[in-house]
Amino acid sequence: TYVIGEPCIDVMDRACVDECPVDCIYEGERALYIHPDECVDCGACEPVCPVEAIYYEDDLPKALEPYREDNERFFTETLPGRDEPLGTPGGASKLGPLGVDTPLVASHPKPGE
Ligand code: F3S
Ligand code: F3S
């Protein structure tokens, strides 16, 4: 799978979303997350991100490695304010912005902090 890392936080350019042929890039409150089981590894999203937030999982820089599991957690864990995990919705656009993040992303310092 491909993974979205920390550079996306509070930037959320969304150019990646338009490129994804399987609509597997989901929008949280402060970042976007790639569904690890829905991503077909086409790689189309990676070059269009203006802040280089997207990497193939095996090519993640060391500092961004926690985001591999964190992208997965967005779907497998019950996030704050929700009753159950998102699971495998099979498409991000029908859900729209989800208004919630993983603890890792939510705890990231806000700009200016
Ligand atoms: Fe984020 Fe880059 Fe996509 S900033 S929304 S990963 S284009
Ligand atoms: Fe979509 Fe990027 Fe995967 S375009 S299929 S999330 S490699």
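Here are some worked exercises on the predicted model above.

A few ground rules: residues are numbered from 1 along each chain as its sequence is written, with chains lettered from A and ligands numbered from 1 in the order in which they are written. Since this is a predicted model, local features need pLDDT of at least 70 and side-chain atom pairs count only at pLDDT 80 or more, while totals for chains, interfaces and linings use all residues.

**Exercise 1. Check the confidence, then lay out the fold.**

Step 1: pLDDT is the predictor's confidence in each residue, from 0 to 100. The protein averages 97, and 100% of its residues score at least 70. The model's ipTM is 0.98 and its pTM 0.97.

Step 2: Helices (H or I, at least four residues) and strands (E, at least two) are DSSP runs, numbered from the N terminus. The protein has three helices and four strands, in the order β-α-β-β-β-α-α along the sequence.

**Exercise 2. Test the overall dimensions against the globule rule.**

Step 1: Take the radius of gyration over C-alpha atoms; the rule is 2.2 Å times the number of residues to the power 0.38.

Step 2: For 113 residues a compact globule would come out near 13 Å, and the protein has 13 Å, so the two agree.

Step 3: Along the principal axes, the C-alpha atoms fill a box of roughly 35 × 35 × 20 Å.

**Exercise 3. Find the nonpolar core and say which elements feed it.**

Step 1: Call a residue buried if 20 or more other C-beta atoms (placed from the backbone) lie within 10 Å of its own, exposed if 12 or fewer, and partly exposed in between. By that count, 27% of the 113 residues are buried.

Step 2: A nonpolar core is a set of buried Ala, Val, Leu, Ile, Met, Phe, Trp, Tyr and Cys residues joined through C-beta atoms within 7 Å. The largest one has 23 residues, and Ile4, Ile25 and Leu32 have the most contacts inside it. Strands E1 (2–4), E2 (25–27) and E3 (32–34) and helix H2 (66–76) each supply at least two of its residues.

Step 3: Zoom in on Leu32, using contacts (C-beta atoms, placed from the backbone, within 7 Å). Beyond its neighbours within four places in sequence, Leu32 contacts Ile4, Cys8, Met12, Cys16, Ile25, Tyr26 and Glu27.

**Exercise 4. Describe the surroundings of both ligands.**

Step 1: Count a residue as near if its C-beta atom, placed from the backbone, lies within 6 Å. Ligand 1 has 13 residues around it, the closest being Cys8, Asp13, Cys16, Cys49 and Ala53. Ligand 2 has 14, with Tyr2, Cys20, Cys39, Ala44 and Cys45 coming nearest.

Step 2: Sort by class: Ala, Val, Leu, Ile, Met, Phe, Trp, Tyr, Cys and Pro are nonpolar, Asp, Glu, Lys and Arg charged, and the others, Gly among them, polar. The ligand 1 shell splits into eleven nonpolar, no polar and two charged residues; the ligand 2 shell into eleven nonpolar, one polar and two charged.

**Exercise 5. Place Arg30 and Asp10.**

Step 1: Arg30 sits in the loop between E2 and E3. It counts as partly exposed because 17 other C-beta atoms lie within 10 Å.

Step 2: Past its neighbours within four places, Arg30 contacts Ile9, Asp10, Asp101 and Val105.

Step 3: Follow that to Asp10, in the loop between E1 and helix H1 (15–19). Asp10 is not a glycine, yet its phi is positive, about 70°. Asp10 is partly exposed too, with 14 other C-beta atoms within 10 Å.

Notes. Contact = placed C-beta atoms within 7 Å.
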